Amino acid sequence: MSLLEELATLGVNTEEGTKRLMGNVSLYERMMGTFHKMMTNTTIEAEEFDCGDCTELIEKTHAIKGASGNLSITPVYDAYSEIVKLLREEEPGKAKEVFENILPVQQQIIACIEKYK
């Protein structure tokens, strides 16, 4: 199984993602490596959702939303879109629930990318 095939089994829309890059599969795979690096360097802990001022958390979650959206990492994009929305609506408890639900899927996607690096 290839990286793209395995990512597709995890809900990543690899067809749409490669289409955004003019069908350049090798570029898409390199961008997945960049996403992996970003996710490794941008850690979010569940405790961060216990915030009075969530500005920094909103910035981090918004960055993940954007990067995952650009690469059509749909499960992560959908979850982080909801997290950003909830944080902006001052609902950090609900945002934390969404975060905790996406975390296992996110970890699987990151592990898959790492496997093919």
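Helices (H or I, at least four residues) and strands (E, at least two) are DSSP runs, numbered from the N terminus. The model is predicted: local features need pLDDT of at least 70, side-chain atom pairs count only at pLDDT 80 or more, and totals for chains, interfaces and linings use all residues. Residues are numbered from 1 along each chain as its sequence is written, and side-chain values use heavy atoms, without hydrogens and water.

**Exercise 1. Describe the secondary structure of the protein chain.**

Step 1. Count the elements: six helices and zero strands.
Step 2. Read along the sequence: the pattern is α-α-α-α-α-α.

**Exercise 2. Compare the radius of gyration of the protein chain with that of a compact globule.**

Step 1. Take the radius over C-alpha atoms; the globule rule is 2.2 Å times the number of residues to the power 0.38.
Step 2. For 117 residues, the rule puts a compact globule near 13 Å.
Step 3. The protein chain has 14 Å, which agrees.
Step 4. Add the box: the C-alpha atoms fill roughly 45 × 25 × 20 Å along the principal axes.

**Exercise 3. Place Gln-106 and decide whether it is buried or exposed.**

Step 1. Locate Gln-106: helix α6, residues 92–115.
Step 2. Set the cut-offs: buried is under 20% relative accessible area, exposed over 50%, partly exposed in between (1.4 Å probe, protein chains only).
Step 3. Gln-106 has 10% relative accessibility, so it counts as buried.
Step 4. List its contacts (heavy atoms within 4.5 Å). Leaving out residues up to four places away in sequence, Gln-106 touches Met-39, Val-76 and Tyr-80.
Step 5. Set this against the chain: 38% of the 117 residues are buried.
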